Amino acid sequence: MTSLVENQNFRVLFSFFLLVLFFSHTVSVFPKHIDQKKPCKQLSFYYHDIIYDGGDNVANATSAAIVNPPGLGNFDFGKLVIFDDPITKDKNYLSEYVARAQGFYFFDKKLGFNAWICLTLVFNSTEHKGTLSIMGADLMREPTRDLPVVGGTGDFLMARGIATIATDASEGKRYFRLKMDIKLYECY
């Protein structure tokens with residue numbers, strides 16, 4: 001008789017456990033409501049890139065070509081560049097850095113300038129701690145480009161949104177500055 005009671009208690013507890021497990025999973029599967037018209041966080045920065053040109057700018061360079069183009073076309077097709085670039089709140093390169101942009105880009109269009117970029121903004125300031133990861137096609141001839149923010153850590157845990165970039169200044173192939181407007185639509 002005790003074994004029958006124990007067996008029924010086990011079934012009740014097991015059924016209750018399955019029910020809790022089912023509902024906890026169901027609740028977590030429903031997507032969080034995202035208002036796409038209103039970002040939960042907005043940031044604006046300037047990205048500075050000084051490309052090492054093989055000459056006298058080695059001390060100031062923040063990026064370098066790791067793989068040179070194989071000579072297909074006149075647009076650096078195939079060139080891979082690794083960077084560790086400063087991010088500032090204003091246009092001045094010598095301003096205090098709010099983050100570092102670390103990653104790479106490569107030129108992926110044979111008959112024009114186009115790049116694919118993958119970067120992480122690494123924040124370590126009094127205002128923000130953590131990272132934001134951005135990646136996608138940089139259609140360099142367009143006045144503005146939208147790149148997806150695919151995640152983050154710290155203050156930006158699992159953030160998602162759009163980074164709108166525009167070329168703000170350039171000096172040939174040696175230096176360029178991008179204006180980055182980041183709108184996060186998923187903040188935790």
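This report walks through a predicted model of a protein, from its overall layout down to a few side-chain pairs.

**The overall layout**

Let's start with the big picture. The protein has 188 residues, and 32% of them are buried. Its secondary structure comes to one helix and nine strands. Starting from the N terminus, the helix is followed by the strands, in the order α-β-β-β-β-β-β-β-β-β. If you take the contacts with a separation of 6 or more, 46% of them are between residues 24 or more positions apart. As for the outside, the protein exposes about 11900 Å², and carbon and sulfur atoms supply 60% of that.

**The disulfide**

One disulfide turns up in a search of the whole structure. The partners are Cys40 and Cys187, with sulfur atoms 2.0 Å apart. The torsion about their S-S bond is about 75°, so the disulfide is right-handed. Cys40 and Cys187 are 147 residues apart, so to speak at two distant parts of the chain: Cys40 sits in the loop between α1 (2-29) and β1 (41-50), while Cys187 belongs to the segment after β9 (175-186). Cys40 counts as partly exposed at 41% relative accessibility, and Cys187 counts as partly exposed at 22%.

**Aromatic pairs**

Now for the rings. The whole structure holds eleven aromatic pairs. One of them is Tyr47 with Phe83: the ring centres are 5.8 Å apart and the planes are at 75°, so this pair is edge-to-face. It joins distant parts of the chain, with Tyr47 in strand β1 and Phe83 in strand β3, 36 residues apart. Both Tyr47 and Phe83 are buried.

Phe104 and Trp116 make another pair, with ring centres 6.3 Å apart and planes at 35°, so this one is tilted. Phe104 lies in strand β4 (residues 97-107) and Trp116 in strand β5 (residues 115-124), so the pair ties together parts that are twelve residues apart in sequence. Phe104 is partly exposed at 29% relative accessibility, and Trp116 is partly exposed with a relative accessible area of 26%.

There is also a ring cluster: Tyr47, Phe83, Tyr105, Phe107 and Phe176 are linked into it by ring pairs.

**Salt bridges**

How many salt bridges are there? The count comes to seven. Three of them are listed here.

| Salt bridge | N to O distance |
|---|---|
| Asp76 and Lys79 | 4.0 Å |
| Asp168 and Lys91 | 3.7 Å |
| Arg177 and Asp168 | 2.6 Å |

Asp168 appears in two of these rows, and a network of salt bridges links Lys91, Asp168 and Arg177. Asp168 meets Lys91 in a salt bridge. Asp168 lies in strand β8 (residues 160-171) and Lys91 in the loop between β3 and β4, so the pair ties together parts that are 77 residues apart in sequence. What about cover in this network? Asp168 is partly exposed at 29% relative accessibility, and Lys91 is partly exposed at 42%. Arg177, in contrast, counts as buried because its relative accessible area is 14%, below the 20% cut-off.

**Lys79 and its surroundings**

Back to the bridge between Asp76 and Lys79. Is Lys79 buried or exposed? Lys79 counts as buried, at 17% relative accessibility. Its partner Asp76 is buried too, at 13%. Lys79 is in the loop between β2 and β3 (80-88). Leaving aside residues up to four places away in sequence, Lys79 touches Ala65, Val67, Asn68, Pro69, Tyr105, Phe106 and Phe107. Tyr105 and Phe107 also belong to the ring cluster.

Val67, another contact of Lys79, lies in strand β2 (residues 63-67). At 38% relative accessibility, Val67 is partly exposed. Together with Ile66 and Ile82, Val67 makes a nonpolar surface patch of about 250 Å².

**Arg100 in strand β4**

One last stop is Arg100, which is found in strand β4. Arg100 is partly exposed, with a relative accessible area of 24%. Which residues does Arg100 touch? Not counting residues up to four places away in sequence, they are Asp84, Asp85, Pro86, Ile87, Thr120, Leu121 and Val122. Pro86 is 14 residues from Arg100 along the chain, yet their C-alpha atoms are separated by 4.7 Å.

Definitions and conventions:
Residues are numbered from 1 along each chain as its sequence is written. This is a predicted model: local features need pLDDT of at least 70, side-chain atom pairs count only at pLDDT 80 or more; totals for chains, interfaces and linings use all residues. Side-chain values use heavy atoms; hydrogens and water are left out. Patches are made of residues with over 30% relative accessible area and no salt bridge: like charges are joined within 9 Å, nonpolar side chains (Val, Leu, Ile, Met, Phe, Trp, Tyr) within 5 Å. Accessible areas come from the Shrake-Rupley method with a 1.4 Å probe; for residues, only the protein chains shown count as cover. A salt bridge is a side-chain nitrogen of Lys or Arg within 4 Å of a carboxyl oxygen of Asp or Glu. Helices (H or I, at least four residues) and strands (E, at least two) are DSSP runs, numbered from the N terminus. Buried means under 20% relative accessible area, exposed over 50%, partly exposed in between (1.4 Å probe, protein chains only). A disulfide is a pair of cysteine sulfur atoms within 2.5 Å. Contact means heavy atoms within 4.5 Å. Rings of Phe, Tyr and Trp (its six-membered ring) pair if their centres lie within 6.5 Å; planes under 30 degrees apart count as stacked, over 60 as edge-to-face and the rest as tilted.
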